[in-house]
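Thanks, everyone. Let's go through the packing, the empty space and the cysteines. Here is the model.

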Amino acid sequence: MKKIDIFDSTLRDGAQGEGISFSADDKLKILQKLDHFGVTFAEAGNPGSNPKDLEFFKRARELKLDSTKLVAFGSTRRKNTGAEEDENVNALLSADTEYVAIFGKSWRLHTEAILNVTPEENLEMISDTISYLTNKGKKVIFDAEHFFDGYKDDPEFALSVIKTAEKSGAILIALCDTNGGCFPEEIGNITEKAVQAVNIPIGIHCHNDSGCAVACSMAAVKAGAVHVQGTFIGIGERCGNTNLSTVIPNLQLKAGYDCVPKSSMEELTETACYIAEIANVKLAGGMPYVGGNAFGHKGGMHADGVAKRSESFEHIPPESVGNERSFLLSEVSGRSTVLSKLKSFDSKLDKSSPETARILNRLKELENAGYQFEAAGASFYLLVLKELGRFQPFFQIEHFHVISTQSYDTEEINKANAMVKIKVGSRYEITADEGDGPVNAIDKALRKALEVFYPQLKKTHLVDYKVRVIAAGDSTAANTRVLIESTDGERVWTTVGASKDIIDASLKALLDSIEYFLYIKAEEARSATARKK
C-alpha cells in the first residue's frame, strides 16, 4: 500500500477554533495520544508567539515519542530583515525540534496587498528563511499559504513560490486551501500541476469553509499528494480543518492507503473522544466513523436489515474503528429493534420470550410517563438488566434535601445547597455541598458521598444537560424529561429521567449515569480477572 504521512495540527491550527484553549499539560497529553495512535507529524504551536508554547516545547523534549515527529510552526522572515535577525524565525530554533513548518505567501493578493512587498521580495523572504533554517540543521516543511487561490489568480507566480521553496532546501511542500473555498475537482487539478512542477513530496492542507475539506484532501491524494494535514476532530478557525478522524479511515480502510498502524484503526473512536474531552468539545453524534450515531439505526426496516446482514446498511463494521452499533428506540423503530438490542444480553431471547414481552410493556409504561430511550442507551441498558434480574444496586439514597435561594433582579449567580444520605452495604455516608443551582448541588453532594466507596467516580463528569417539557395541560405541573450526557474521558453515555419535578427527573438521570458507569467498570474488572485465570 502507498504510504500517506498524516500531519496533525490539532495543537496549533485546532487551537485557533472558537472556545478552545489548550494548556501546556493539555498539549502534552494530546501529543502522547497522537504518538500512541501513530500519526507521522504533530504540529504543536508557534514558539515565537507566546510563553505557553515555549514551555510546551521545553517539556516535550523529555517525552519519548515512538511514532510521531514533533513540529514547530512559524512564518517566513519579515520584510527588510534577515532571517538570522528575525526573532520569530530564531524562536523556531529554540523549540529544538528536528522538523519545522513555515508558511509563506503564494497569492499575489497577499504578497502585494497584505505584506506590501513585490513578488520578487516575497520569493527572497521564502528562500532566505528556508535556507537559514536548513543550514541550522532543520528539516523544513513549507506551507504554501493560499496556494489554490494564488494559482487560479496567477499560476506562474504560485508555481514560482513552491519551486523557490524546493530550491532553498524544503523537504516537502504543503499546498494550502487557506480560505477553504475550493471544490475537490479544482484541488485535484491544481495539485497535479504542483506535483509535476517540483521533485519533492507534495502535501495538502484544507480548511472546511465550503464543507469540502475531507473531499478536497482525498482529491489531492488521488492527484499525487503523499502528506495530509488536518486536525483530529476537524476543529480549527472558522469552519475548521480537514477532519483526520474522517480522512484517515477513508484513505486506509476504503482507498487502500497506509496512514497509521493497522492496529490503531480500532482505537480511532476512543482517540477522537479523548481529544474532544481535553478540547472541551462535544463530539457531534453524526460525525463519520467516530460519532455516537455513526452506526445508529432507527427506522424499522433499517434495523431489521442490519440485524440480518450488517453490510446492508453499514459501509464498514463499526468495530473496525472502535465504535459500536446501536439501535435507536422510537415510535418508528418497531419490535425488531428492541429485540435486536436484547440479543446482546441473551441470544436465546426472541419475540415470543416472556422477558421480551415484559421489557416491551415496561418500555411502554415509561414512555407514557415521559421517558424516551432513543438517545439514552445507558438508561435502556440498565432497564433491561433490571428486568432480567441481572442488576444489583451499588448504593441506595436514604434521603436528600435541597435548598435553593434566589436573588431577584441581580447579576449574582444563585447558589443552592444539597445534603444527601446514602447507604452502601451496611455503611452510611452523609455529605453536603454547594452548587450553581439545585441540580449541580445534588450532583456534587452525591458524588462526594459515593467517592468514599467508589473513588473511580472522580474520573466522571457531566458534559451535557438537556431539559424538555413534554406534556400539555397545567404548564406548571407538566412532565419534564431530562437527558444527561456523561464521560470518563474514554467513553460517553447518556441517561434519561422524567417526572413532574425537574429536580426529581434530573436525579433519576443522574443516578442512572452513576449506576451505569459503576456496572461497566465492575464488568471490566470481572472480565480482566477471568482472563488471568
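Start with the lining of the largest cavity. By class, this lining has four nonpolar, three polar and one charged residues. Keep in mind that this is a predicted model.

Which residues line the largest cavity? They are Arg447, Leu457, Thr460, Ser486, Trp493, Ser513, Ile514 and Phe517. Helix α17, residues 502-532, gives the most to that lining, with three residues. The volume of the largest cavity is about 30 Å³. The structure holds one cavity of 30 Å³ or more.

Now the packing. In soluble globular proteins, nonpolar side chains tend to be buried together. Here the largest nonpolar core has 86 residues. Phe142, Phe147 and Ile173 have the most contacts inside it. Helix α11, residues 268-279, supplies the largest share of this core, seven residues. Apart from it lies another core, of 50 residues. Among its members are Leu342, Tyr454, Leu507 and Phe517. Phe517 also lines the largest cavity.

Back to Phe142. Leaving aside residues up to four places away in sequence, its contacts include Thr76, Ile102, Phe103, Gly104, Ile126 and Ile130. Val161, Ala165, Leu172 and Ile173 are also among them.

Last, the cysteines. How many disulfides does the structure hold? Zero. Take Cys206 and Cys216. The sulfur of Cys206 is 4.9 Å from the closest cysteine sulfur, in Cys216, so the two are too far apart for a bond. A disulfide here needs the sulfur atoms within 2.5 Å. Cys206 counts as buried, at 1% relative accessibility. Cys216 is buried too, with a relative accessible area of 1%.

Conventions
Residues are numbered from 1 along each chain as its sequence is written. This is a predicted model: local features need pLDDT of at least 70, side-chain atom pairs count only at pLDDT 80 or more; totals for chains, interfaces and linings use all residues. Side-chain values use heavy atoms; hydrogens and water are left out. On a 1 Å grid over the protein atoms alone, a cavity is a set of points where a 1.4 Å probe fits but cannot get out, and a pocket is an open set with protein on both sides within 12 Å along at least five of seven lines; lining residues have an atom within 4 Å of a point. Grid points are joined across faces, edges and corners, and a volume is the space filled by probe spheres set on the points. Helices (H or I, at least four residues) and strands (E, at least two) are DSSP runs, numbered from the N terminus. Ala, Val, Leu, Ile, Met, Phe, Trp, Tyr, Cys and Pro count as nonpolar, Asp, Glu, Lys and Arg as charged, and the others, Gly among them, as polar. A nonpolar core is a set of buried Ala, Val, Leu, Ile, Met, Phe, Trp, Tyr and Cys residues joined through side-chain atoms within 4.5 Å. Buried means under 20% relative accessible area, exposed over 50%, partly exposed in between (1.4 Å probe, protein chains only). Contact means heavy atoms within 4.5 Å.
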